[in-house]
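Let's walk through this fold together, one piece at a time. Please open your viewer and keep the sequence at hand.

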Amino acid sequence: MARRPANFTWIDFTPDQVELLELLDYLGNNGWARNSQTEAAMPKLMWEFADAGVGLVRIKEAMAAIGRDPSEGFDPRPSVSA
């Protein structure tokens with residue numbers, strides 16, 4: 001797992017968008033485990049990103065900027081139950 005450096009600053013994001021990125025980073029510190037808490041939080045968080053004008057590509061770029069790697073299992077899309 002990557003940990004965001006204490007002095008790291010996301011560039012070209014508003015303060016509200018940074019707050020959302022920080023929450024996503026926090027959720028990611030559990031190894032992106034799919035559990036009831038992340039399954040409940042992720043859809044709401046993704047809607048908040050959409051409302052804030054941040055698309056999935058920018059989210060992935062922001063997570064990569066702090067060292068998150070797709071091999072960690074990062075996929076902010078909620079799972080779909082049949």
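Before we look at how two helices meet, one convention is needed: an axis here is a line fitted to C-alpha atoms, for helices over the stretch in contact, and the angle between two axes runs from 0 to 180 degrees between N-to-C directions. Please also keep in mind that this is a predicted model.

With that convention, take α1 and α3: their axes come within 11 Å and cross at roughly 65°. The contact is made by Leu-21, Leu-24 and Asp-25 on the α1 side, and by Ile-59, Ala-62 and Met-63 on the α3 side. As for handedness, α1 passes α3 in a right-handed crossing.

Now follow α1 itself. This helix has 14 residues and reaches 20 Å from its first C-alpha to its last, close to the 20 Å expected at 1.5 Å a residue. Its buried residues are Gln-17, Val-18, Leu-20, Leu-21, Leu-24, Asp-25, Leu-27 and Gly-28. What covers them includes α2 and α3.

One name in that list deserves a second look, namely Asp-25, which sits in helix α1. Is Asp-25 buried or exposed? Its relative accessibility is 5%, and since buried means under 20%, Asp-25 counts as buried. Leaving aside neighbours within four places in sequence, Asp-25 is in contact with Arg-4, Trp-10, Met-63, Ile-66 and Arg-68.

Trp-10, one of those partners, is a good place to go next. Again not counting residues up to four places away in sequence, Trp-10 touches Arg-4, Val-18, Leu-21, Glu-22, Asp-25, Ala-62, Met-63 and Ile-66. Trp-10 also belongs to the largest nonpolar core, which has 16 residues. The members that touch the most other members are Trp-10, Phe-13, Leu-21, Leu-24, Leu-45, Met-46 and Phe-49. Two or more residues of this core come from each of α1, α2 (36-51) and α3 (56-65), and α1 gives the largest share, five residues. In soluble globular proteins, nonpolar side chains tend to be buried together.

Turn next to α2. At 1.5 Å a residue, its 16 residues should span 22 Å, and its end C-alpha atoms are 24 Å apart, which agrees. Along the way there is a kink of about 25° at Met-42, shortly before the proline Pro-43. Met-42 is also among the buried residues of α2, together with Thr-38, Leu-45, Met-46 and Phe-49. The cover over these residues includes α1 and α3. Just after α2, Gly-53 takes a positive phi of about 80°.

Another positive phi appears in the segment before α1 (15-28), where Asp-12 is found. Most residues other than glycine have a negative phi. Asp-12 is not a glycine, yet its phi is positive, at about 70°. With a relative accessible area of 67%, Asp-12 is exposed.

Finally, let's visit Arg-3, which also lies in the segment before α1. At 64% relative accessibility, and with exposed meaning over 50%, Arg-3 counts as exposed. How far apart are Arg-3 and Ile-66 in sequence and in space? They are 63 residues apart in sequence and 7.1 Å apart in space, C-alpha to C-alpha. Not counting residues up to four places away in sequence, Arg-3 touches Asn-29 and Ile-66. Ile-66 brings us back to the earlier stops, as it is also a contact of Asp-25 and of Trp-10.

Conventions: Residues are numbered from 1 along each chain as its sequence is written. Side-chain values use heavy atoms; hydrogens and water are left out. Helices (H or I, at least four residues) and strands (E, at least two) are DSSP runs, numbered from the N terminus. Buried means under 20% relative accessible area, exposed over 50%, partly exposed in between (1.4 Å probe, protein chains only). Contact means heavy atoms within 4.5 Å. A nonpolar core is a set of buried Ala, Val, Leu, Ile, Met, Phe, Trp, Tyr and Cys residues joined through side-chain atoms within 4.5 Å. The expected span of a helix is 1.5 Å times one less than its number of residues. The bend at a residue is the angle between axes fitted to the seven residues ending there and the seven starting there. A crossing is left-handed if the near helix is turned anticlockwise from the far one by less than a right angle, and right-handed if clockwise.
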